[in-house]
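Work through the exercises below with the sequence and the structure at hand. Each task is followed by a solution in steps.

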Amino acid sequence: MALKDAFTPLAHIHAGQVAPGPIAIAGWVRTRRGSKKFSFIDLNDGSSPKGIQVIADAVLPNYETDIARLSTGAAVIVKGLLVESPGQGQRFEIQAKDIEVTGFADPETFALQKKEMSFEYLREVAHMRGRTATFSSMFRLRSVVSLAIHRFFEAQGFSYIHAPILTTNDGEGAGETFKVTTLDLNAPPRGKDGKVDFSKDFFGRESMLCVTGQLEAEALAMGLGKVYTFGPTFRAENSNTSRHLAEFWMVEPEMAFWDLDDTMALGEGLIRAVVREVFEKCEGDLEILAQKAEQDARPYLRMALEQPFVRVSYTEAVEVLQKAISGGKTFEYPVSWGGDLKSEHERYLCEVHFKAPTIVYNYPEELKAFYMYLNDDGKTVRAMDCLMPGIGEVIGGSQREDRLDVLERRMRSKGIDSTHLEWYLDLRRFGGVPHAGFGLGFERLLMWISGFGNIRDVIPFPRVPGSCLF
């Protein structure tokens, strides 16, 4: 028998799938309390938010040498009997017949302690925080949400595609990219103008880590119809805030022969599907996360299931905010047509005014990217942002500009060099069609679902300015 098949997951025990009797489990010690006669060991294997109590009697041959020395973080293999527990708050416990210690954890030097530990401290020991109750719940939630997204798109007939991570174009045009090179940084080759000669580089031109997989997804949608990419993206924005990461994950569907209305409906359907699966599979994890979160997100999650998503134009949204200001509401940032909606504005719209998830559409073209479809008014584009109570924007998307002349004109007006984007323009030159898509920030979605206020706490190993540990 393979070693992995020898142990019963705690998740199976707590789900009622295991009958009392002989059993073997393996995991890490959360706590141990006891005496010279017996010990109570709280053990968790990572499969469930609930641990299990192991009772070790002093008659075990290694009780004094090993078991009595167990402390938080030690790893053990337990063989014994699964029995119904007389104690409250637990259905089963294990009476140990044999305990093998596979790894001790020195309580003087182990990074995790029984006392309360701040999230700031745990980020410094991110390689260990998956062993805490809070972060094991967070990362199980992350797994469930990931798979729920894949299942949703599969059920909708989408093809899962892999966008490149290395690229020569900045899809957003923001210029905040990580450069990729094999040149000798101490003595790079230079041209007659004194600038670095990237023709001598590995790809023969300046390259970078991608900030989006959208453009490549558009290309594949022009042959496959409906596609989505779900992968890492990178932005070298020097923003040391609770909402920014240098490496983050994006979900980006692209659909041929779709318009903005279709795309808004898809975003709403995706969020509802994810929330349903989270409630179905993560009840215990949500309970644990709510104890540490800035806010209990569950009321907002229920709102997403029970309330229709409101759709309102940007112009109407601005009017709502201005009316609120006239009525005495104060915002830190001003509100005027043509200005970007800040998080405080977004949350007011969906939490206070509409009391429902809110999709704002038809934004001023100056605020949005070059590839968004220009409306007939010449002032707005067919863009949409999906705002969720508790956090604000989670999804941003648009109908894509499929008219070649308009796209080229908008690229010029925004200073976008089309040299490396001729292939993107070809999508309009040869068999172009109306199409649309959106980007969902995966970590933003997890912040909303968990109620956590810092994006660094919803990803296992955060990459931020000045820190790329582990």
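**Exercise 1.** Determine which helices are linked by the salt bridge between aspartate 285 and arginine 140 in this predicted model.

Solution. The side chains of aspartate 285 and arginine 140 meet at 3.0 Å, N to O. A salt bridge requires a side-chain nitrogen of Lys or Arg within 4 Å of a carboxyl oxygen of Asp or Glu, so the pair qualifies. Next, place the partners: aspartate 285 lies in helix α6 (residues 283-292) and arginine 140 in helix α3. The two residues are 145 residues apart, and the pair links distant parts of the chain. In total, the structure holds 22 salt bridges.

**Exercise 2.** Classify the packing of helix α3 against helix α5, and describe the residues in contact.

Solution. Helix α3 covers residues 133-155 and helix α5 residues 260-281; their axes are 9 Å apart, at an angle of about 135°. Angles over 145 degrees count as roughly antiparallel and 65 to 115 as roughly perpendicular, and the rest above that range is oblique; α3 and α5 are therefore oblique to each other. Their crossing is right-handed. On the α3 side the contact includes Leu141, Val145 and Phe152, and on the α5 side Leu266, Gly269 and Val278 are among the residues met. By type, the contact residues divide into 12 nonpolar, one polar and three charged.

**Exercise 3.** Find which strands stand at the edges of the sheet β7-β9-β8.

Solution. The three strands form an open sheet in the order β7-β9-β8, with antiparallel pairing. β7 (166-167) and β8 (179-180) each have a single partner strand, so one side of each is left without a neighbour in the sheet, and these two are the edges. Two bridges join β8 to β9 (residues 207-209). Lysine 179 stands opposite methionine 208 in β9.

Technical notes. Residues are numbered from 1 along each chain as its sequence is written. This is a predicted model: local features need pLDDT of at least 70, side-chain atom pairs count only at pLDDT 80 or more; totals for chains, interfaces and linings use all residues. Side-chain values use heavy atoms; hydrogens and water are left out. Two strands pair if DSSP finds at least two bridges between them. Helices (H or I, at least four residues) and strands (E, at least two) are DSSP runs, numbered from the N terminus. Axes are lines fitted to C-alpha atoms, for helices over the stretch in contact, and angles run from 0 to 180 degrees between N-to-C directions. Angles under 35 degrees count as roughly parallel, over 145 as roughly antiparallel, 65 to 115 as roughly perpendicular and the rest as oblique. A crossing is left-handed if the near helix is turned anticlockwise from the far one by less than a right angle, and right-handed if clockwise. Contact means heavy atoms within 4.5 Å. Ala, Val, Leu, Ile, Met, Phe, Trp, Tyr, Cys and Pro count as nonpolar, Asp, Glu, Lys and Arg as charged, and the others, Gly among them, as polar.
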